[in-house]
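User: I have a structure open and would like to go through it step by step. Where shall we begin?

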Amino acid sequence: MLRQKRRGFVSTLCAALAAVALTLNCGARAVTSSEKATAGAGTRSHQARFLKITVLVTNLAGDPHEGDAEWGYSALVEVDGHKILYDTGASADLVARNAAALHVDLADVTDVVLSHNHWDHVGGLMTLRRELAKSNPDAMSRVHVGARIFEPRLDEAGRDNNGLRLIRAEYLATGGNFVVHDKPTELYPGVWFTGPVPRPNAEKNWTPGLSLVTAQGRVADNVPEDSALVFHTARGAVVLTGCAHAGIVNITAYARTITGSKPLLAVVGGLHLFAASEQTVNWTGAQLKADGLEYLLAGHCTGIEATYLLREAIGLTRRSGVVSAVGSSFTLDRGIDARALAQ
């Protein structure tokens with residue numbers, strides 16, 4: 001009887017030690033994107049502590065001789081020692097020129113995030129990759145994109161208007177790599193790439209005219225790959241979006257689900273409301289106000305008048321609800337630096 005008890009104790013102890021060893025071994029190996037996405041609640045303790053988002057390209061210039069404007073978007077993210085370039089503008093060289101004018105170093109940026117396929121967000125990718133790779137082969141070598149981004153976008157004549165498909169092979173030939181995400185992925189601790197965003201609210205934040213080919217025939221191109229970056233911080237969620245084609249209310253709701261953050265601290269980027277009705281803009285503002293939004297740095301396709309309407313609807317001030325300009329920034333500990341023209 002005593003021997004049997006000892007055997008039982010030894011078996012139990014061995015099983016426990018094996019479980020500990022397995023746990024330690026699992027902790028030591030690389031975690032896949034799929035595991036990160038399903039981990040969700042288990043990784044919410046990861047928080048970004050230092051965060052700065054600097055706008056490199058948008059539709060409004062900020063200070064004289066410190067960057068030019070165009071219809072497009074790009075922003076540099078600096079977060080806890082990491083850098084990410086979010087979108088690459090429309091022109092081949094404007095991101096590079098504006099970065100130089102603003103004294104922003106892009107040579108050590110490995111990761112690029114493209115919010116969607118449109119020309120005004122992908123135009124600078126090849127120039128940046130080619131030029132920066134001359135000094136750093138890893139520069140701009142990894143591009144994160146949402147699922148379905150490479151599907152053709154056809155006009156009435158059947159021509160493909162997908163801006164990224166046109167340069168995909170060219171980019172791969174440089175040794176770069178596309179990482180396609182179909183669900184939320186934590187790129188760095190507290191830094192999430194949403195992948196395609198669920199759309200419970202009927203926000204039609206895209207320009208009609210293009211179509212996707214499906215088994216049922218052509219359907220309207222609603223930019224299904226549209227993706228955002230989300231930062232989980234101690235003060236709440238920060239959202240960076242290129243055009244918010246998925247709808248900014250849908251995006252912010254998804255962001256708070258991903259991070260577990262109840263408050264919404266800041267929204268930075270384009271919201272595609274320049275042609276929206278006052279009713280739509282006011283509804284959007286009311287939703288963001290209900291989420292507790294404290295900072296809005298709205299640029300590119302948001303629209304200047306729409307930004308002012310949002311500021312009023314949310315209850316923000318001239319310092320906390322701002323029209324984004326080239327060089328403007330949001331910093332976690334200091335809020336918004338609007339630059340001269342957008343003060």
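## Helix packing and selected loops

Analyst: Helix 8 (residues 278–290) packs with helix 9 (residues 304–314) at an angle of about 45°, and their axes are 8 Å apart. The axes are lines fitted to C-alpha atoms, for helices over the stretch in contact, with angles from 0 to 180 degrees between N-to-C directions. Helices (H or I, at least four residues) and strands (E, at least two) are DSSP runs, numbered from the N terminus. This is a predicted model, in which local features need pLDDT of at least 70 and side-chain atom pairs count only at pLDDT 80 or more, while totals for chains, interfaces and linings use all residues. Residues are numbered from 1 along each chain as its sequence is written, and side-chain values use heavy atoms, with hydrogens and water left out.

User: What is the orientation of helix 8 and helix 9 to each other?

Analyst: Helix 8 and helix 9 are oblique to each other. Under 35 degrees counts as roughly parallel, over 145 as roughly antiparallel, 65 to 115 as roughly perpendicular, and the rest as oblique. The crossing of helix 8 past helix 9 is right-handed (the near helix is turned clockwise from the far one by less than a right angle; anticlockwise would be left-handed).

User: Which residues make that contact?

Analyst: Helix 8 contributes Glu278, Val281, Asn282, Thr284, Gly285, Ala286, Leu288 and Lys289, and helix 9 contributes Ala306, Leu309, Leu310, Ala313 and Ile314. Contact means heavy atoms within 4.5 Å. Sorted by class, this contact of helix 8 with helix 9 has 8 nonpolar, 3 polar and 2 charged residues. Here Ala, Val, Leu, Ile, Met, Phe, Trp, Tyr, Cys and Pro count as nonpolar, Asp, Glu, Lys and Arg as charged, and the others, Gly among them, as polar.

User: And how do helix 7 and helix 8 pack: at what angle, and how far apart are their axes?

Analyst: The angle between helix 7 and helix 8 is about 15°, and their axes are 10 Å apart. Helix 7 and helix 8 are therefore roughly parallel to each other, and their crossing is left-handed. Ile248, Val249 and Thr252 of helix 7 meet Trp283, Thr284, Gln287 and Leu288 of helix 8. The contact of helix 7 with helix 8 comprises 4 nonpolar residues, 3 polar and no charged.

User: Staying with helix 7, how many of its residues are buried?

Analyst: Of the 12 residues of helix 7, 9 are buried, so this helix is largely enclosed by the rest of the structure. Buried means under 20% relative accessible area, exposed over 50%, and partly exposed in between (1.4 Å probe, protein chains only). The buried residues of helix 7 are Ile248, Val249, Asn250, Ile251, Thr252, Tyr254, Ala255, Ile258 and Thr259. They pack against strand 8 (191–193), strand 11 (229–233), strand 12 (236–241), strand 13 (264–270) and helix 8.

User: What span does helix 7 have, and what comes just after it?

Analyst: Helix 7 (residues 248–259) reaches 16 Å from its first C-alpha to its last, close to the 16 Å expected; the expected span is 1.5 Å times one less than the number of residues. Just after helix 7, Gly260 has a positive phi of about 80°.

User: New topic. Which residues other than glycine have a positive phi?

Analyst: Arg148 is one of them, with phi near 80°. Arg148 lies in the loop between strand 5 (142–146) and helix 6 (168–172), and is partly exposed at 39% relative accessibility. His272 is another, with a positive phi of about 50°. The place of His272 is the loop between strand 13 and helix 8, where His272 counts as buried at 13%.

User: Is Asp182 buried or exposed?

Analyst: Asp182 is exposed, at 56% relative accessibility. Asp182 belongs to the loop between strand 6 and strand 7. Beyond its neighbours within four places in sequence, Asp182 contacts Ala147 and Pro196.

User: Where is Lys183?

Analyst: Lys183 is in the loop between strand 6 (177–181) and strand 7 (185–188), and is partly exposed at 30%. Lys183 and Gly146 are 37 residues apart in sequence, with 8.1 Å between their C-alpha atoms.

User: Finally, how many helices and strands are there in the protein?

Analyst: The protein has 9 helices and 17 strands. Of its 343 residues, 52% are buried.
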